[in-house]
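Here's a quick briefing to read with the model open beside you. It hops through a few local spots, then a helix pair, then the overall picture.

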Amino acid sequence: MTDQNPSAHPTPEASSGERANREAKLEQLRQLGLDPYTAPKFNKTHKNAAVHDAYAHLQPDERTGDTVAVAGRIMAMRNSGMFIDLVDDTVKLQIYTAKEELQGRLAPVMKALDLGDVIGVRGTVRRTKRGEITVDASEIVVLAKALEPPPEKWHGLKNVEQRYRHREYDLISNEESRQTLRTRFRVIQAMRQFLAGEDFLEVETPMLHTIPGGAIARPFVTHHNTLDIPLFMRIAPELHLKRLVIGGLSEKLFEINRCFRNEGISPRHNPEFTTLELYQAYADYNDMMSIAERLIAHAAITATGSTKVKFGEHEIDFTPPFRRASMLDLIKEHGRIELAGLDDAAARSIAKQAGVPVDDKASWGKVVEASFEHFVEPNLIQPTHVVALPKAISPLAKANHENPEIAERFETFCNTWEIANAFSELADPQEQRARFEDQQSQRDAGDEEAHRIDEDFLKAQSAGMMPMGGLGIGIDRLAMLLTNSPTIREVIAFPTLRPRTGASGTADTSGEPGEA
């Protein structure tokens, strides 16, 4: 029979005896002159899905004389290897080896096979009586010998930490994991294509900075031996990107970049993460809202075929336009407190009475920010542009010409998460210096995340910085939403984990945050 249920697969933790057995089989192959790692190139002609597609017309029990060469990983063997389930990066394909070949010419190879081995197969295509597209093997070549077994077929890796630490084993056994990561990377590809269609130029900027800038965050610190200077891993590419626009490289440019922040780990935070940042000359934050909506909707369609996506118990609608509401109005709506027009002390008093945890020295802007996080963020499920943020928490954003305490800035929230941030960029070098100095004073007072004074950026602005809009989108969180992934670790191929400890090689998972 060709469709028996495969026998249970071993777990990925090989016993010493099992590994020794697999190593012995590898040595047998080498003694036969069949070393997988020195074999000639195997010329694969078809992916598995292409075989299924090309021969979909075959009727049950219909044979062809067509020879194909396929390759992939053995994920099941039945009837002493007579039937093999071969999996590549598309679908499963059944391989059949006739009894006379199994016991004759191909016997030395067949006896050396284990689950997880990578093989190349040449043979003719047919459809079995039970309807399975099958390759009748005339040649089997071992291309890689698995010394560790793959995870059990039906359950994959049970240990969540092991799934992330050994993503390759997770991907071998878990089609859902493969599809999640494929969707993430296709979304990134689609965003690149969208921006190219909008005449944006993709650029690259440094990942090692002499001053961490472009965001309010705690950086990772390293050291350059030759120059004997401290360097900081990039927390944001913003200032370098603006300098490229100022210099006239392009009026519209973007970077899909890796950033690093030495902060907490949670289901929504990884110390190393990916963002898209773009800048457009002669644009403002309203233009950035339009681009954000169209770009995110395009990503949703790429990932799911629709602007409406399922996340947990919610259906999230990314159809433009998104709701727009001011931060102060949202605080009034959800917190029933009014903070507009108050001085620092009055704002602190009202917020504290409403149960908002605020520092005794918090400015009005910090009180507004804390009140928004306390009352509003947990209620923002559908995509919402939160506009009119305090200037005091927006050191790189242009002030509103009607209310100088408010910045021309928005943050886009969805499923209670911030997924985008955008400004009308501050172009006045004198005002920017004053903002930097204010941030530096906060830093001197103990705020480790406050922005430093960046003289190089101020000099760039002094060349004449044109009006500009800027937008940043968190790729990881967007990928979570578009793949219905409850934790950021699902959409990062190799998330940050504690190192393995102990002579036994077991992982120290105590204090691994972000997982129940």
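Start with Asp 35, which sits in the loop between α1 (16–31) and α2 (48–54). Keep in mind that this is a predicted model. Despite the loop address, Asp 35 counts as buried, because its relative accessibility is 15% and the cut-off for buried is under 20%.

**Around Asp 35**
- The side chain of Asp 35 has a polar partner: it makes a polar contact with the side chain of Arg 30, at 3.1 Å.
- Leaving aside residues up to four places away in sequence, Asp 35 touches Leu 29 and Arg 30.
- So Arg 30 turns up both as a residue that Asp 35 touches and as its side-chain polar contact, while Asp 35 itself is buried at 15%.

**Backbone oddities**
- Where does the chain go cis? The peptide bond joining Pro 320 and Pro 321 is cis, with omega at about -5 degrees.
- Pro 321 belongs to the loop between β13 (314–317) and β14 (323–326).
- Tyr 282 isn't a glycine, yet it has a positive phi of about 65 degrees.
- You'll find Tyr 282 in the loop that runs between β11 (272–281) and α9 (285–304).
- Tyr 282 is exposed, because its relative accessible area of 53% clears the cut-off of over 50%.
- Asn 484 is another non-glycine with a positive phi, this one about 55 degrees.
- Asn 484 lies in the segment after α15 (475–483).
- Is Asn 484 buried, exposed or partly exposed? With a relative accessible area of 38%, Asn 484 is partly exposed, because that value falls between the cut-offs of 20% and 50%.

**Gly 247**
- Gly 247 is in the loop between α8 (238–246) and β10 (252–260).
- At 66% relative accessibility, Gly 247 counts as exposed, since exposed means over 50%.
- How far apart in space are Gly 247 and Phe 220? Their C-alpha atoms are 29 Å apart, with the two positions 27 residues apart in sequence numbering.

**The α13/α14 pair**
- Helix α13 covers residues 429–444 and helix α14 covers residues 455–462; their axes come within 9 Å.
- Those axes cross at roughly 165 degrees, and α13 and α14 are therefore roughly antiparallel to each other, the cut-off for that being over 145 degrees.
- As for handedness, α13 and α14 cross in the right-handed sense.
- On the α13 side, the contact is made by Pro 429, Gln 432, Arg 433 and Phe 436.
- On the α14 side, the contributors are Glu 455, Phe 457, Leu 458, Gln 461 and Ser 462.
- Sorted by class, the α13 contact with α14 comes out as four nonpolar, three polar and two charged residues.

**The whole protein**
- The secondary structure adds up to 15 helices and 18 strands.
- The C-alpha trace spans about 90 × 55 × 50 Å along its principal axes.
- Of the 516 residues in the protein, 49% are buried.
- How much of the contact network joins residues at least 24 apart in sequence? The share is 66%, taken among contacts between residues at least 6 apart in sequence.

Methods: Residues are numbered from 1 along each chain as its sequence is written. This is a predicted model: local features need pLDDT of at least 70, side-chain atom pairs count only at pLDDT 80 or more; totals for chains, interfaces and linings use all residues. Side-chain values use heavy atoms; hydrogens and water are left out. Axes are lines fitted to C-alpha atoms, for helices over the stretch in contact, and angles run from 0 to 180 degrees between N-to-C directions. Helices (H or I, at least four residues) and strands (E, at least two) are DSSP runs, numbered from the N terminus. Angles under 35 degrees count as roughly parallel, over 145 as roughly antiparallel, 65 to 115 as roughly perpendicular and the rest as oblique. A crossing is left-handed if the near helix is turned anticlockwise from the far one by less than a right angle, and right-handed if clockwise. Contact means heavy atoms within 4.5 Å. Ala, Val, Leu, Ile, Met, Phe, Trp, Tyr, Cys and Pro count as nonpolar, Asp, Glu, Lys and Arg as charged, and the others, Gly among them, as polar. Buried means under 20% relative accessible area, exposed over 50%, partly exposed in between (1.4 Å probe, protein chains only). A polar contact is a pair of N or O atoms within 3.5 Å; within protein, one must be able to donate a hydrogen and the other to accept it, and residues adjacent in sequence count only if both atoms are side-chain atoms.
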